[in-house]
Amino acid sequence: MPRPTGRVLTLLELLQSGGTRTVAELADRLGVEGRTVRRYVDQLIDLDVPVESVRGRYGGYRLAPGYRLPPLMFSDDEALAVLLGLVAGRRAGLTTTQHTASETASAKIRRVLPRHIARRLDTLLDTLAFTDRPGESDTPDAEVLLTVADAVRHRRPVSIRYTDRDGRRTERTLHAYGIVAHAGRWYVTGRDARIGEDRTFRLDRIADARTLPGSFEAPEDTDPAQRVLSGFATAGYRHEVTLRIHGTAGQIRARLPAGVAILEELTPAAGQDGATERWLRVELRAERLDWLPGVLASLDRPFVIERPEELRDLVVALADRLASHARQA
């Protein structure tokens, strides 16, 4: 028969699963009487676990937010999910500037794992390989991240101190539409109130954030992720490239994702079959062009280079090299 302390911990686990639990339900799950459940609840309250009583027909007990995090009760699967999530977050670079936080959290959970689960976890981590390199990018400050998230949620302006890629520091008022995690970095997208235009900012370059009085209305078609990707595709780079490619959006996106290029479907000319003459205009910007000929070759679709002329020369040079190699015995 479980000891009273074990039942108290079981009670805590039941309450942590969410919702309001009736005394009768808890008594049945613990195998005790209702008055014993109330005594166990009192013990949790003595330990500063924020248990509150709910009156009424569907009343009972539930956990309330407290001034500190109470002891958490995880099942084996939940503990593994949390630990693997911490590992994935570190690999992707999606952590805060408190680099040790995920490490200490992992250590605390692993320290109390049952031995058989700990062994299986170690086996998984020892045999796990990644196809990408660990994220090495700078990560945002936790307080900045939470402050901006609160501003997004309540549609409140937020003042930020931002350092751009050239080292220039400015203070801006941002009407933030959303936070986006992309390629191991955190971004916030919204309207820069000073210039009246939409902008995307890296959260790790924000040194300070504070919400301001007032509120704003976000555009109805707000899609923060799409805005971030479109911002990458239209960012100011050395070369502006325009192509026409015969194929579907899916075929083109396989090599030129939304963060790289913008697609526009072209209307077939008079007398052309829209099903067979499916051309899309592709626009992108790039600092260098030497990677594009290989991408166009890998698409294996008919294409027309509208600009720049330099890209046409690079594609012809690649085609000549490939033909020369293919003719060699």
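1. A surface patch is here built from residues with over 30% relative accessible area and no salt bridge, nonpolar side chains being joined within 5 Å. In this predicted model, such a nonpolar patch of about 300 Å² is formed by L84, L124, L128 and F130. L84 belongs to helix 4, and with a relative accessibility of 33% it is classed as partly exposed, a value that satisfies the requirement of over 30% for patch membership.

2. Helix 4 also matters for a second patch, this one of negative charge, in which E13, D76, D77 and E78 gather on the surface. Helix 4, spanning residues 76-92, supplies the largest share of this negative patch, namely 3 residues. E78 is situated in helix 4, and its relative accessible area of 41% makes it partly exposed. Helix 4 is thus a place to look at for both patches, since L84 of the nonpolar patch is located there as well.

3. Turning to charge pairing, side chains of opposite charge can pair when their charged atoms come close. The count for this model comes to 17 salt bridges, and a few of them deserve individual comment. D164 pairs with R168, with 3.0 Å between the closest N and O atoms, and D164 is buried at a relative accessible area of 17%. D204 forms a salt bridge with R202 in which the closest N and O atoms are 2.8 Å apart, and here both D204 and R202 are buried.

4. A further salt bridge joins R278 to E265, the closest N and O atoms being 3.5 Å apart. Because R278 sits in the loop between strand 9 (261-265) and strand 10 (279-286) while E265 is in strand 9, this pair ties together parts that are 13 residues apart in sequence. R278 counts as partly exposed, its relative accessibility being 33%. In addition, R191, D198 and R227 are joined into one network by salt bridges that share partners.

5. What is the count of aromatic pairs? The count comes to 1 aromatic pair. The ring centres of Y162 and F201 are 4.8 Å apart and their planes stand at 75°, so the pair is edge-to-face; the angle lies over 60 degrees, the cut-off for that class. The pair links distant parts of the chain, with Y162 in strand 3 (residues 158-163) and F201 in strand 6 (residues 197-202), 39 residues apart. Both Y162 and F201 are buried.

6. The backbone calls for a closer check at several positions, given that most residues other than glycine have a negative phi and most peptide bonds are trans. The peptide bond from R307 to P308 is cis, with omega near 0°, and P308 is placed in the loop between strand 11 (303-307) and helix 11 (309-327).

7. Two residues other than glycine with positive phi may be considered alongside that bond. For D48, phi is near 70°; this residue is found in the loop between helix 3 (34-46) and strand 1 (51-54), and at 39% relative accessibility D48 is partly exposed. For R155, which is not a glycine, phi is positive at about 55°; R155 lies in the loop between helix 7 (142-154) and strand 3, and is partly exposed with a relative accessible area of 25%.

8. Finally, two C-alpha pairs relate separation in sequence to distance in space. Which residue lies 9.7 Å from G231, C-alpha to C-alpha? That residue is A258, which is 27 residues from G231 in sequence. G231 has its place in helix 8 (residues 224-233) and is partly exposed, with a relative accessible area of 30%. In the other pair, H246 and R301 are 55 residues apart in sequence, and their C-alpha atoms are 6.0 Å apart in space. H246 is in strand 8 (residues 239-246) and is buried, its relative accessible area being 15%.

Terms used:
Residues are numbered from 1 along each chain as its sequence is written. This is a predicted model: local features need pLDDT of at least 70, side-chain atom pairs count only at pLDDT 80 or more; totals for chains, interfaces and linings use all residues. Side-chain values use heavy atoms; hydrogens and water are left out. Patches are made of residues with over 30% relative accessible area and no salt bridge: like charges are joined within 9 Å, nonpolar side chains (Val, Leu, Ile, Met, Phe, Trp, Tyr) within 5 Å. Accessible areas come from the Shrake-Rupley method with a 1.4 Å probe; for residues, only the protein chains shown count as cover. A salt bridge is a side-chain nitrogen of Lys or Arg within 4 Å of a carboxyl oxygen of Asp or Glu. Lys and Arg count as positive and Asp and Glu as negative; His and the chain ends are not counted. The place of a charge is taken as NZ of Lys, CZ of Arg, CG of Asp or CD of Glu. Helices (H or I, at least four residues) and strands (E, at least two) are DSSP runs, numbered from the N terminus. Buried means under 20% relative accessible area, exposed over 50%, partly exposed in between (1.4 Å probe, protein chains only). Rings of Phe, Tyr and Trp (its six-membered ring) pair if their centres lie within 6.5 Å; planes under 30 degrees apart count as stacked, over 60 as edge-to-face and the rest as tilted.
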